[in-house]
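Consider how the strands, the nonpolar cores and the enclosed space of this protein might be read together. The paragraphs below take up the enclosed space, then the sheet, and then the cores.

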Amino acid sequence: MPSIKHAVDPTCAGIPLRDLLKTRVARFDRIEPDWDAFADSQVEGRRRAQYRFIGAGGSGKADPNAIPAGGFTLSIMRLPPGQGGSAHTHEVEEAFFVLDGELTVFFEGADGERVSTRLGRWEAISCPAGILHGFENEGQVDVYMQTFIGSGTPGPVGFADEAIYAEEQQRLAARRARP
C-alpha cells in the first residue's frame with residue numbers, strides 16, 4: 001500500500017479519485033479566448049486574449065472550464081503582431097513561458113528606465129513581485145505564451161497607467177462581488 005507523505009488538500013478530501021480527476025483537467029478546445037480580460041485589452045497595441053486553465057489569472061474572471069486555483073494560476077495568452085501588455089506589477093511573482101513565436105519582455109523602473117529582452121519558443125522569464133514589467137509582440141505572427149501567477153486569487157493588476165489601474169480595480173471588485 002502506498003505511503004502518502006503530505007496532508008490532502010481539504011477541498012479534495014473525501015472526493016473519489018475518478019470525480020477529482022474530472023475537475024482537474026482543462027482542455028484547450030473547451031476554453032473560449034477572452035479578448036476583454038484586462039483593463040488595457042481594448043487599447044490598441046495592448047489587445048490580447050487570455051485562455052484560463054487554472055484559476056482566474058490576473059484578470060479575476062471566473063471561468064467554468066478552468067481548474068479551481070490553489071496556490072497559483074496558469075493561463076495562456078495569445079498576442080497578435082503589434083500587441084502586448086502594459087507595464088504593471090503584481091503582489092506576487094509572475095512568470096511567462098513562450099510556447100510559440102518571439103516575445104519582447106521588459107522591466108521598467110520608477111525613474112522610467114526600461115530594459116528588455118526577446119524570448120523565443122520554450123524560453124521563460126520570472127517577474128518578481130513589485131517590479132514593473134510588460135511584453136510586446138514585435139514579430140509578424142501570433143505569440144502564444146503561458147502565464148503563471150504565484151497566487152490562487154491575485155489582487156488587481158498594478159498597471160503603471162493610473163487610469164487603466166483605476167479601471168482594473170473597478171473590474172476586479174465587480175467580478176468578486178458577483179455570486
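A cavity, as the word is used here, is a set of grid points over the protein atoms alone where a 1.4 Å probe fits but cannot get out. In this predicted model, a search of the whole structure finds one cavity of 30 Å³ or more, and about 120 Å³ of space lies in the largest cavity. Its lining is made up of 17 residues, and those nearest the centre are Phe38, Met77, His88, His90 and Glu94. By character, the lining residues comprise eight nonpolar, seven polar and two charged. Strands E2, E4 and E9 each supply at least two residues of this lining, with the largest share, three residues, coming from E9.

Turning to the sheet, five strands form an open, antiparallel arrangement in the order E6-E5-E8-E3-E10. Strand E6 (114-119) and strand E10 (158-159) stand at its edges and have a single partner strand each, so one side of each is left without a neighbour in the sheet. The partner of E6 is strand E5 (residues 103-108), joined to E6 by six bridges, and Thr104 has Arg118 in E6 as its bridge partner.

The largest nonpolar core has 18 residues, and Leu79, Phe96, Leu103, Val105, Phe135 and Met145 have the most contacts inside it. Two or more residues of this core come from each of E2 (73-79), E4 (94-100), E5, E7 (124-127) and E9 (143-149). Beyond its neighbours within four places in sequence, Phe135 touches residues including Leu79, Phe96, Leu103, Val105 and Met145, and also Arg46, Arg48 and His88. A second, separate core of nine residues includes Ala26, Ile31, Tyr51 and Ile67.

How values were computed:
Residues numbered from 1 in each chain as written. Predicted model: local features only at pLDDT ≥ 70, side-chain atom pairs only at ≥ 80, totals over all residues. Heavy atoms only, no water. Pairing = 2+ DSSP bridges. Helix = DSSP H or I, 4+ residues; strand = E, 2+ residues; numbered from the N terminus. Core = buried A, V, L, I, M, F, W, Y, C linked by side-chain atoms within 4.5 Å. Buried < 20%, exposed > 50% of the residue type's maximum accessible area, 1.4 Å probe, protein only. Contact = heavy atoms within 4.5 Å. 1 Å grid on protein atoms, 1.4 Å probe; cavity = no way out; pocket = protein on both sides within 12 Å on 5 of 7 lines; lining within 4 Å. Points joined across faces, edges and corners; volume = space filled by probe spheres on them. Nonpolar A, V, L, I, M, F, W, Y, C, P; charged D, E, K, R; others polar.
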